[in-house]
Amino acid sequence: MRILKFHKTECGVDFLLNVLTSEEVKGNYINSGAYNTDFFEIIFFKKGNGALLLNQEKITISDNQILFISPFQKRQWILEADHLDFTVLAFQEDFLNDFFTDKLFTFRLLYFYQLSYPLHLPETKESIAKFCELLTEIKTELIAKKTDSVHIIRSLLYYLLQKLNRRYAEINDLSLNRSDNNYAFQYKELLEKHIKEQQRIDYYASLLNISRISLNKAVKTYFNVTATQLLKHRLLFEIKNYLIYSGLTVSEIASELHFSEPNHLMRFFKTQTGMTTGEFLIDYQNGSK
């Protein structure tokens with residue numbers, strides 16, 4: 001599977017960030033083959049008709065819609081070329097975390113690395129237009145860089161991302177309340193790093209030097225699911241990706257994910273989905289998933 005890698009903008013090495021219009025990149029979005037990227041994308045659709053196959057989910061694309069895609073999520077676009085007008089905000093994670101001096105910044109944005117809630121937002125025509133105006137300002141600063149461009153880009157980008165975060169939280173009834181600790185976000189980051197090797201809550205609580213109860217409370221507050229549910233969602237996501245894209249057998253996948261027996265993986269999968277791995281693949285191939 002091909003991987004699209006981030007290319008530095010016209011501004012040089014200072015920014016691993018870009019704003020792209022549908023006219024510039026629509027070739028990647030019209031009836032594309034399956035691929036992934038090493039960067040984040042937020043896509044603002046003024047016009048769109050078709051679908052996105054994102055990992056194991058089919059998302060219907062329509063006018064006045066925003067999509068959130070995290071790095072290395074497998075995707076395939078099926079869009080009508082004659083009804084397409086969108087703008088893409090693309091950036092790399094380390095750049096953004098460094099840009100805002102917060103190593104957990106992307107994990108604080110509820111729409112990234114999201115497994116429990118939709119990866120898209122319906123918006124009004126007016127809201128999409130306002131967001132695109134901000135993107136145009138950012139693009140202008142990227143192309144015609146001045147001594148104060150970095151400050152303007154930082155302020156515009158922070159405002160845009162946080163407005164989207166607030167909107168996403170409101171629609172999905174998620175918390176935006178800040179606390180003195182970062183346990184929920186650190187837990188989410190640790191899951192991304194260690195889920196293939198570690199599936200025990202105690203392991204993550206130990207890394208964070210807190211109790212299971214404290215971890216669960218923090219996760220429940222911010223993500224509206226328990227720490228165990230979040231771990232199971234992330235593990236199930238990994239299993240589905242292996243089943244669809246790796247070509248490995250169930251036994252080989254169980255070994256990759258450190259299940260002691262293939263039967264344990266199959267039992268976990270059936271409990272979480274109500275289907276066997278074989279039934280899931282048949283449904284996926286038939287377009288049901």
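1. Before anything else, a word on terms: a cavity here is a set of grid points where a 1.4 Å probe fits but cannot get out, and a residue lines it if it has an atom within 4 Å of a point. With that in hand, the second largest cavity is lined by Tyr113, Leu115, Lys188, Leu191, Glu192, Leu230 and Arg234. Two elements, helix 6 (183-194) and helix 9 (227-246), each give two or more residues to that lining. Keep in mind throughout that this is a predicted model.

2. Staying with the second largest cavity, its volume is about 50 Å³. Helix 6 supplies the largest share of the lining, three residues. Sorted by class, the lining residues come out as four nonpolar, no polar and three charged.

3. How many cavities of 30 Å³ or more are there? The count is two. The largest cavity has a volume of about 50 Å³. Around the largest cavity you will find Tyr113, Gln114, Leu115, Ser116, Tyr117, Leu174, Lys188, Phe223 and Leu230. Its lining has six nonpolar, two polar and one charged residues. If you want to trace the two linings on screen, Tyr113 is a handy place to start: it appears in the lining of the largest cavity and also in that of the second largest. Leu115, Lys188 and Leu230 can be followed in the same way, from the largest cavity to the second largest.

4. Now for the open spaces. The largest pocket holds about 660 Å³ of space. It is lined by 29 residues, and those closest to its centre are Pro71, Phe72, Tyr113, Glu192 and Arg234. Helix 2 (93-99), helix 6 and helix 9 are the elements that give two or more residues to this lining. Helix 9 has the largest share, with seven residues. By class, the lining divides into nine nonpolar, nine polar and eleven charged residues. Some names will be familiar by now: Tyr113, Glu192 and Arg234, listed here by the centre of the pocket, are also in the lining of the second largest cavity.

5. The second largest pocket has about 370 Å³ of space. Of its 19 lining residues, Gln56, Glu57, Leu115, Phe237 and Lys240 are the closest to the centre. Helix 9 again gives the most, this time four residues. The class split for this lining is nine nonpolar, seven polar and three charged. Leu115 is worth a click here too, as a lining residue of the largest cavity and of the second largest cavity.

6. How do helix 6 and helix 9 pack? Their axes lie 11 Å apart and make an angle of about 30 degrees. Since angles under 35 degrees count as roughly parallel, helix 6 is roughly parallel to helix 9. The crossing is right-handed. On the helix 6 side, Tyr187, Leu191 and Glu192 make the contact, and they meet Ala227, Leu230, Leu231 and Arg234 in helix 9. By class, that contact has five nonpolar, no polar and two charged residues. Leu191, Glu192, Leu230 and Arg234, part of this contact, also line the second largest cavity.

7. Helix 9 has another partner, helix 12 (residues 277-285): the two axes come within 11 Å and cross at roughly 60 degrees. Helix 9 and helix 12 are therefore oblique to each other. This crossing is right-handed as well. Lys240, Leu243, Ile244 and Tyr245 in helix 9 meet Thr277, Phe280, Leu281 and Tyr284 in helix 12. The contact has six nonpolar, one polar and one charged residues. Lys240, one of the helix 9 residues in this contact, is also among the residues closest to the centre of the second largest pocket.

8. Finally, two backbone spots to look at. Asn64 has a phi near 55 degrees, a positive value in a residue other than glycine. Where does Asn64 sit? Its place is the loop between strand 6 (57-61) and strand 7 (65-69). Asn224 also has a positive phi, near 60 degrees, and is likewise a residue other than glycine. You will find Asn224 in the loop between helix 8 (212-223) and helix 9.

Methods: Residues are numbered from 1 along each chain as its sequence is written. This is a predicted model: local features need pLDDT of at least 70, side-chain atom pairs count only at pLDDT 80 or more; totals for chains, interfaces and linings use all residues. Side-chain values use heavy atoms; hydrogens and water are left out. On a 1 Å grid over the protein atoms alone, a cavity is a set of points where a 1.4 Å probe fits but cannot get out, and a pocket is an open set with protein on both sides within 12 Å along at least five of seven lines; lining residues have an atom within 4 Å of a point. Grid points are joined across faces, edges and corners, and a volume is the space filled by probe spheres set on the points. Ala, Val, Leu, Ile, Met, Phe, Trp, Tyr, Cys and Pro count as nonpolar, Asp, Glu, Lys and Arg as charged, and the others, Gly among them, as polar. Axes are lines fitted to C-alpha atoms, for helices over the stretch in contact, and angles run from 0 to 180 degrees between N-to-C directions. Angles under 35 degrees count as roughly parallel, over 145 as roughly antiparallel, 65 to 115 as roughly perpendicular and the rest as oblique. A crossing is left-handed if the near helix is turned anticlockwise from the far one by less than a right angle, and right-handed if clockwise. Contact means heavy atoms within 4.5 Å.
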